[in-house]
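User: I should like a close look at a single part of this model. Please treat that part in detail and then set it in the context of the chain.

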Amino acid sequence: MRNPAVDPAMIRASFVHPNQARRGIGRRLLELSEAAAAAAGFQRIEIVATLPGVPLYASFHYETVERFNIALSNGENLPVERMRKRPTHSPTAPAS
Ligand SMILES: CC(C)(COP(=O)(O)OP(=O)(O)OC[C@H]1O[C@@H](n2cnc3c(N)ncnc32)[C@H](O)[C@@H]1OP(=O)(O)O)[C@@H](O)C(=O)NCCC(=O)NCCS
């Protein structure tokens with residue numbers, strides 16, 4: 001389990017059907033994910049992005065900190081970028 005005090009929140013594997021691309025769905029998924037991370041108290045967010053996702057995350061001010069390949073079971077290599085940012089939303093105040 002990740003500790004919001006020391007670990008980054010991890011946003012994983014977002015996919016939008018090609019027929020629905022560039023209609024703002026990916027942006028909305030990311031906004032909701034960032035809000036949830038901030039509400040949970042995370043100070044940083046990390047994504048391991050496949051290359052088609054990099055423009056979306058860059059538009060949200062994620063910065064690439066590492067490029068590497070993930071070895072797939074079929075012998076192919078999947079190039080990815082580790083990207084990081086701090087949440088832009090304020091944590092939700094605890095219920096009183
Ligand atoms: C990446 C992905 C989730 C984006 O979803 P989407 O719903 O098409 O994205 P949005 O319409 O919300 O785009 C938001 C912004 O991201 C950027 N963006 C998204 N796709 C882009 C592309 N192909 N080229 C350049 N910029 C892109 C743009 O700034 C865009 O804003 P704009 O349309 O006003 O210019 C989708 O293309 C996808 O499923 N790709 C394959 C899987 C993948 O790579 N997932 C991410 C890996 S973790």
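Which exposed residues does the face of α1 turned away from its buried side carry?

Analyst: The model is a predicted one. On the face of α1 turned away from the buried side, the exposed residues are Arg28 and Leu32.

The helix itself covers residues 25–39. With 15 residues at 1.5 Å each, α1 should span 21 Å, and the distance of 21 Å between its end C-alpha atoms agrees with that expectation. Its buried residues are Gly26, Leu30, Glu34, Ala37 and Ala38. When α1 is viewed down its axis, these buried residues fall within an arc of 100°, so they line one face of the helix. That buried set packs against β1, β2 and α2. Just after α1, Gly41 adopts a positive phi of about 95°.

The helix also has a part in the nonpolar interior. The largest nonpolar core comprises eleven residues, among them Ala37 and Ala38, together with others including Ile11, Phe42, Ile45, Ile47 and Met83. At least two residues of this core come from each of β1 (9–11), α1 and β2, and β2 gives the most, with three residues. In soluble globular proteins, nonpolar side chains tend to be buried together. One member of the core, Ile11, is in contact with Ser33, Ile45 and Ile47, once its neighbours within four places in sequence are left aside.

The ligand provides a further setting for α1. In total, 18 residues surround the ligand, and Gly26 and Arg27 are among the closest, as are Gly53, Pro55 and Leu56. Gly26 is thus listed both among the buried residues of α1 and among the closest residues to the ligand. The elements α1, β2 (45–50) and α2 (54–59) each supply at least two residues of the shell. By class, that shell consists of nine nonpolar, six polar and three charged residues.

As for the chain as a whole, the protein has two helices and four strands, and from the N terminus on its elements follow the order β-α-β-α-β-β. Of its 96 residues, 18% count as buried. Among contacts with a separation of 6 or more, 62% are between residues 24 or more positions apart.

In summary, α1 turns a buried face towards β1, β2 and α2, carries the exposed residues Arg28 and Leu32 on the face turned away from that side, and supplies residues both to the largest nonpolar core and to the shell around the ligand.

Terms used. Residues are numbered from 1 along each chain as its sequence is written. This is a predicted model: local features need pLDDT of at least 70, side-chain atom pairs count only at pLDDT 80 or more; totals for chains, interfaces and linings use all residues. A residue is near a molecule or strand if its C-beta atom, placed from the backbone, lies within 6 Å of it. Ala, Val, Leu, Ile, Met, Phe, Trp, Tyr, Cys and Pro count as nonpolar, Asp, Glu, Lys and Arg as charged, and the others, Gly among them, as polar. A nonpolar core is a set of buried Ala, Val, Leu, Ile, Met, Phe, Trp, Tyr and Cys residues joined through C-beta atoms within 7 Å. A residue is buried if 20 or more other C-beta atoms lie within 10 Å of its own, exposed if 12 or fewer, and partly exposed in between; C-beta atoms are placed from the backbone. Two residues are in contact if their C-beta atoms, placed from the backbone, lie within 7 Å. The expected span of a helix is 1.5 Å times one less than its number of residues. The arc is that of the directions from the helix axis to the C-beta atoms.
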